[in-house]
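Please walk through the model below with the sequence beside it, moving from single positions to a pocket and then to the chain as a whole.

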Amino acid sequence: MRTSWSYVWSTVPRSRVGLVLTVVLAATLGSARLLSQAPSAPVNPYPYAADEPKAKVFSLSKAAEYLDGVARFWMQPNSCGACHANFAYLMARPLLGETPLVAETRAFLERRKEANPRVFSFDAEAVGVAFALAWDDAHNGRVLRPKTKAALFRMWDGQRGDGTWPRLGCGECVPSENDKHYTAALAVLATGLAPDGYAKTQEPKDRLTLLRRYFTRTPPKTLHDEALLLWASLYADGLLTTAERDNSIRSLLARQHSDGGWSFADLMVRPRPNSPLQKSDGYGTALVLFVLRQASVPADRPALASGLNWLRNNQRASGRWFTPTDTAGHPTEGQVGARDLYVQNLGTAFAVLALKGPGPKRTAAVDHQRVLSDAALTALVQEANQFIRQSLQDLSAKGVVDIRANALLLALGAQNRMGQKDLEARVPATLRDVALTLAQEAKQRPSNLAPLLKLADSLSRFPNLDSDPDAKLVRFRLQDQFDHDDVVTLFGGCGIHKGQHRIEATLAKYAHPKAPLTSVESDKLELVAYKVALLGEFNRELDELVASRGQEKRKQWVGFADDLSDRGWELAGEIRSGRFDAAKTALQRVQNACISCHAQFRD
């Protein structure tokens, strides 16, 4: 196979061959120099084998077995950092069932350079670690863990003024170990994936600006560059326009082979008209399919369906997907395995992601974030408490209505957070109880300001509110204490009293902006979207209001409430991800949901 690959190798510029992903993954995580004194090299259970037969039957179980084997291999003592398998292993393996090796791999990556966090064997290693941990947080738990946040800090510490990272590889002998474009794209992905609105905090905002400038100055040179930038653009605005994304999708589809696959070698050049295609392989096919699905190309589109069939029909007996490489037999600096394993392991992981992975990025952004982040809940509490204190300054019947409406919003936000198994539920349970007590006191004893002020003081301490050990960790039926009038007050568009939040008016204000939204305006609209989502969920529980109008009306009510909630989460997700064109569409859907409901039930 070395002979047959020499022709393919000759068609690729030496300065660009060997890709980015294959070894910059090695570059991003590997720490080979520190491990070069291993007394003996571990035995690789899956050596390079161009003539390995195809699997008799397609099997994801065999793929899992292969991925587990190479993950263990790279994590053996004196390995080079496990990035060649374990970077993508942490992405793909959870899709194939539970195994303790996933947690072991994450712990392995978390421990990278803990003793000396500002020193890496090469600077881009920190980028790969941050990406792997951010991906895991985004898809398993959906909360930014402290270890991930520390890894992101270390990532930015190595960024240069031009937006890139120096020393991308663990050696100079293979061109594929030196590609700034890949590492820059990976940093964008790490930032955009990180949960809890991390990308909107100040440091990543500034660092992403440097990356946008880099991509503007350095357009893609190959189709592989285009694929990576297309993927990254789904997680940060300002990288590609909609037209540029569409062009990249068309370019990738144009290089599909008649058998349904794609080729690694084809991706590593800028194609010319009528240029010959190389033989389909695992990595080329898997990466393109994964990126196209992330970019919302439908899985049932004939081109993608054909590509997925190619993967099912071309698995090797070991469980992996094979990709030819000119680095066959080239040892790593740590003398653990050979560089030809990089693309085999990555191709297999991306094949699993293409076959079983998350759906389109835009859909995922809506579905996986139906839980308020710490920042969102804190902003909600601060705003509501500000309005409560305003009402307490001159407590009237109108003020009591406003206090109760704000208490409802606080209770909804608190109970939204209580449902997370990996979160400390006692604090949000205490927050909910304070809000419920506040609503009761305002209604029963509005003239007695002392307890109301004390409760407002408690709210002001959030998120450092002392948790009540007696707070019940179960969700209460909030409709037993609140009703639709409280919802009306918050929306401010269905009654005489417009309330303090004026949700409908705010939505109308931003539906047709005269200028791009500022960061402050974006934050405000995102908070309004969370309110819409929470109140939609609460409205669903008020279906007894229309029970007397028949079962069909009751179903309509529930349907409108669900739609309102869905559209609220969608709007918040698009704003949080920086996709402002998509946010405009989502905002219109929120307004349409309100209009549809009013047409049936505003009487």
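A379 counts as partly exposed because its relative accessibility is 30%, a value that falls between the 20% under which a residue is called buried and the 50% over which a residue is called exposed. In this model, which is predicted, A379 has its place in helix 17, and the C-alpha atom of A379 is separated by 9.5 Å from that of D523, although the two residues are 144 apart along the chain. The helix that holds A379 spans residues 374–393, and helix 17 is also one of the elements that each supply at least two residues to the lining of the second largest pocket, together with helix 7 (146–157) and helix 23 (519–540).

That pocket deserves a closer look. Rolling a probe the size of a water molecule over the atoms shows where empty space is left. The second largest pocket has a volume of about 600 Å³, and its lining is made up of 23 residues, with D196, G197, T201, S373 and A375 lying nearest the centre. Which helix gives the most to this lining? Helix 23 does, with five residues. In chemical character, the lining of the second largest pocket divides into 10 nonpolar, three polar and 10 charged residues.

D196, one of the residues nearest the centre of the second largest pocket, also stands out for its backbone. Most residues other than glycine have a negative phi, and most peptide bonds are trans. D196, however, has a positive phi of about 60° although it is not a glycine, and D196 is found in the loop between helix 8 (180–193) and helix 9 (202–217). S296 is also not a glycine, yet its phi is positive, at about 75°; this residue lies in the loop that runs between helix 13 and helix 14 (302–313), and S296 counts as partly exposed because its relative accessibility is 32%. A peptide-bond exception is found between F462 and P463, which are joined by a cis bond with an omega of about 15°, and P463 has its place in the loop between helix 20 (449–460) and helix 21 (484–491).

Another proline, P302, lies in helix 14. Is P302 buried or exposed? P302 is exposed, because its relative accessible area is 66%, and residues count as exposed when that value is over 50%. The C-alpha atoms of P302 and G260 are separated by 9.4 Å, with their positions 42 residues apart along the chain.

Taken as a whole, the chain has a secondary structure of 25 helices and zero strands. Of its 603 residues, 57% are buried, while the chain exposes about 25000 Å², of which carbon and sulfur atoms supply 51%. Among contacts between residues at least 6 apart in sequence, 74% join residues at least 24 apart.

How far each part can be relied on is a separate matter. The mean pLDDT of the chain is 79, and 79% of the residues reach 70 or more. Confidence is lowest in helix 1 (residues 2–10), with a mean of 33, and highest in helix 13 (residues 282–294), at 95. Over residues 171–177 the pLDDT is below 50, and this stretch has 24 contacts in the model beyond near neighbours in sequence. The pLDDT is likewise below 50 over residues 362–368, a stretch with 12 contacts beyond near neighbours in sequence.

Conventions
Residues are numbered from 1 along each chain as its sequence is written. This is a predicted model: local features need pLDDT of at least 70, side-chain atom pairs count only at pLDDT 80 or more; totals for chains, interfaces and linings use all residues. Side-chain values use heavy atoms; hydrogens and water are left out. On a 1 Å grid over the protein atoms alone, a cavity is a set of points where a 1.4 Å probe fits but cannot get out, and a pocket is an open set with protein on both sides within 12 Å along at least five of seven lines; lining residues have an atom within 4 Å of a point. Grid points are joined across faces, edges and corners, and a volume is the space filled by probe spheres set on the points. Helices (H or I, at least four residues) and strands (E, at least two) are DSSP runs, numbered from the N terminus. Ala, Val, Leu, Ile, Met, Phe, Trp, Tyr, Cys and Pro count as nonpolar, Asp, Glu, Lys and Arg as charged, and the others, Gly among them, as polar. Buried means under 20% relative accessible area, exposed over 50%, partly exposed in between (1.4 Å probe, protein chains only). Contact means heavy atoms within 4.5 Å. Accessible areas come from the Shrake-Rupley method with a 1.4 Å probe; for residues, only the protein chains shown count as cover. pLDDT is the predictor's confidence in each residue, from 0 to 100.
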